[in-house]
Amino acid sequence: MGRRYDPERRQRIIDAAAAVVRERGIGGLGHRAVAAAADVPLGSTTYHFATLDDLMIAALRQINAEWLAEVEHWVEGVDPAAPPADELARWLGEQLTGDRVRMELEYELYFAALRHEGLRPLAAECLDEMARMLARLMPDAATARAVVALIDGLTLQVLLADRPYDREGTSAALARIMGVDGDNGPPAG
């Protein structure tokens, strides 16, 4: 019996890795668990991903791409007449008060980068790209980086401390970082 051609197998394995982490956490990620979730032979997971770090890197790369596509879509749709701090606070509230599973997965993978050096460049790339996208709404790149840091801190507080999201407080903090009073709209030019 010859080898079965399955061009979608690698992607199914990546999707399954993300699903396993969602359900069991990083500690539950293993070649056997992923093979079972992807409905592929164990040898397929180790063929495509020799190590668990390789599998985590592929999963994080995919999750980052999905997240950044959402951020890009949101940035493109921001009303230029609306105060950017208010718009960003509203959008962040939507992210944090809806289905938190994806946000929890993203942050679990980021925390895994503390112990898995191979994940660090991907985490840094995602933060850099998010800052680049948000810079369109900010006075400068340094402000965009500060806003990304604030978003990360607020997200962690909501996810870890089970604190309710404070849209008005977030908008005020964003306006302070952005150097506006919250009613000035986006920066010129």
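Start by selecting R9 and D6: their side chains meet in a salt bridge, with 3.1 Å from N to O. Keep in mind as you look around that this is a predicted model. Both R9 and D6 are buried, so hide the surface if you have it switched on. Seven salt bridges turn up in a search of the whole structure, and we will visit a few of them.

**Along the chain to 30–49**

Next, colour residues 30–49. An unreviewed UniProt entry annotates this stretch as "DNA-binding region". Here the chain is 75% helix and 0% strand, and the C-alpha atoms at the two ends are 11 Å apart.

**The tryptophans**

Now show the rings of W74 and W91. They make a stacked aromatic pair, 4.9 Å from centre to centre and with 25° between the planes. W74 belongs to helix α4 (residues 52–77) and W91 to helix α5, so this pair ties together parts that are 17 residues apart in sequence. How buried are the two partners, by relative accessible area? W74 has 8% and is buried; W91, at 3%, counts as buried too. Add W67 to your selection, and you have one aromatic cluster made of W67, W74 and W91. In total the structure holds three aromatic pairs.

**Two salt bridges within helices**

Stay on helix α5 and pick E87 and R90. These residues form a salt bridge whose closest N and O atoms are 3.1 Å apart. Both lie in α5, three residues apart, which is about one turn of the helix. E87 is buried, with a relative accessible area of 15%, whereas R90 counts as partly exposed at 24%.

Move on to helix α7 and select E129 and R132. Their side chains meet in a salt bridge at 2.5 Å, N to O. Because E129 and R132 are three residues apart in α7, about one helical turn separates them. E129 is partly exposed, with a relative accessible area of 25%, and R132 is partly exposed at 43%. Before leaving the salt bridges, go back to where you began and add R12: bridges that share partners join D6, R9 and R12 into one network.

**A cavity inside**

Time to look for empty space. Rolling a probe the size of a water molecule over the atoms shows where such space is left. How many cavities of 30 Å³ or more does the structure hold? There is one, and the volume of this largest cavity is about 100 Å³. It is lined by 13 residues, and those closest to its centre are W67, E106, Y107, M130 and D152. Helices α5 (84–97), α6, α7 and α8 each supply at least two residues of the lining. The largest share, four residues, comes from α6. By class, the lining of the largest cavity has 10 nonpolar, one polar and two charged residues.

**The second largest pocket**

For the last stop, select Y107, Y110, F111, A113, L114, R120, A123, L127, D152 and L156, which line the second largest pocket. Two or more lining residues come from each of α6 (101–112), α7 (120–134) and α8 (141–161). About 190 Å³ of space lies in this pocket. Which classes make up its lining? Colour by residue class to see eight nonpolar and two charged residues, with no polar ones.

Conventions
Residues are numbered from 1 along each chain as its sequence is written. This is a predicted model: local features need pLDDT of at least 70, side-chain atom pairs count only at pLDDT 80 or more; totals for chains, interfaces and linings use all residues. Side-chain values use heavy atoms; hydrogens and water are left out. On a 1 Å grid over the protein atoms alone, a cavity is a set of points where a 1.4 Å probe fits but cannot get out, and a pocket is an open set with protein on both sides within 12 Å along at least five of seven lines; lining residues have an atom within 4 Å of a point. Grid points are joined across faces, edges and corners, and a volume is the space filled by probe spheres set on the points. Ala, Val, Leu, Ile, Met, Phe, Trp, Tyr, Cys and Pro count as nonpolar, Asp, Glu, Lys and Arg as charged, and the others, Gly among them, as polar. Rings of Phe, Tyr and Trp (its six-membered ring) pair if their centres lie within 6.5 Å; planes under 30 degrees apart count as stacked, over 60 as edge-to-face and the rest as tilted. Buried means under 20% relative accessible area, exposed over 50%, partly exposed in between (1.4 Å probe, protein chains only). UniProt positions are given in the numbering used here, feature names are shortened, and annotations may be inferred rather than shown by experiment. A salt bridge is a side-chain nitrogen of Lys or Arg within 4 Å of a carboxyl oxygen of Asp or Glu.
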